[in-house]
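Please open the model in your viewer and keep the selection panel at hand. The tour below proceeds one selection at a time.

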Amino acid sequence: MQEYELVVDHITKKFKEGTALTDISFTASNGNIVGFSGHNGCGKTVLFKCICGFFAVNEGKITINGKKVGIGDDMPRNIAFTIEEPSFIGEYSGRKNLEILYGLRHKKNPEFIEEMLQKVHLEDTGKKRVSKYSLGMKQRLAIAQVLMEEMPILIMDEPMNGLDRQGIQEVRELLLEEKKKGKIILLASHNRADIDYLCDTVYEMENGRFLQG
């Protein structure tokens, strides 16, 4: 895999309501899992959205292999992500949702879609409407969506939500497989056990800042 380096360089993000991120810096490269922990509203999701190019930062910069991340045409094309609650077309099956999303960038590949469903143990529910899915099933489908893009950088915002103990362990192993492939993985989790098990580097966040530890 090509070498990748993600650099978040002293970024600050402000909204009318206040400052969401203050002077955030970190670097990640191939084969790194970087963890972010903290309570709801601490800034994890805003940080991820800035890295994906959904929000422009007010100060500092974000670069991937030296190229500055921005919004619009400057949004990065090498990130796959699941941020906040998974969102799919409820009237369509899980398989159909993946086929539509995969088709936006790639040619049709039913065998590959089936492989992704098997990875997250949804192969028997691929025909079921997503509106009938439990939260855990939607979470598995979102993980399949991230993995099928085969991007070098993965952003996973609370990927274990709604999963039982077995599901959590299965997702942990999937992420470690991606790490072995050389992926950069950014992981937010409320569960400290997930963070400790998976992450090479961990940042504790509070009020939009990294705590010094």
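The stops below cover a sheet, the helices on it, two helix pairs and one residue.

The model is predicted: local features need pLDDT of at least 70 and side-chain atom pairs count only at pLDDT 80 or more, whereas totals for chains, interfaces and linings use all residues. Residues are numbered from 1 along each chain as its sequence is written, and side-chain values use heavy atoms, with hydrogens and water left out.

**The sheet**

Begin with the open sheet, in which six strands follow the order 6-7-8-3-9-10 with mixed pairing. Strands are DSSP runs of E of at least two residues and helices are runs of H or I of at least four, numbered from the N terminus; two strands pair if DSSP finds at least two bridges between them. Select strand 6 (79-82) and strand 10 (209-210): these are the edges, each with a single partner strand, so one side of each has no neighbour in the sheet. Next, display strand 9 (residues 201-206), which pairs with strand 10 in the antiparallel sense over two bridges. The bridge partner of Glu206 in strand 10 is Arg209.

Add helix 1 (residues 44-52), which packs on the sheet and touches strand 3 (33-37), strand 6, strand 7 (153-157), strand 8 (184-188) and strand 9. Contact means heavy atoms within 4.5 Å. The direction of helix 1 makes about 155 degrees with that of strand 7; angles run from 0 to 180 degrees between N-to-C directions, and axes are lines fitted to C-alpha atoms, for helices over the stretch in contact. Helix 5 (residues 165-180) also packs on the sheet, touching strand 3, strand 7 and strand 8, at about 150 degrees to the direction of strand 8.

**Helix pairs**

Select helix 3 (residues 110-119) and helix 4 (residues 135-148), which pack at about 130 degrees with axes 9 Å apart. Show the side chains in contact: Phe112, Ile113, Met116, Leu117 and Lys119 of helix 3, and Leu141, Ala144, Leu147 and Met148 of helix 4.

Now replace helix 3 by helix 2 (residues 94-103), whose axis lies 11 Å from that of helix 4 at an angle of about 30 degrees. Here the contact comprises Gly94, Leu98, Leu101 and Tyr102 of helix 2 with Leu141, Ala144, Gln145 and Met148 of helix 4.

**A single residue**

Finally, centre on Ile11 in strand 1 (residues 5-15). Is Ile11 buried or exposed? Its relative accessibility is 0%, so Ile11 counts as buried (under 20% relative accessible area, with a 1.4 Å probe and protein chains only). Beyond four places in sequence, Ile11 touches residues including Leu21, Leu47, Val57 and Ile62.

Conventions: Buried means under 20% relative accessible area, exposed over 50%, partly exposed in between (1.4 Å probe, protein chains only).
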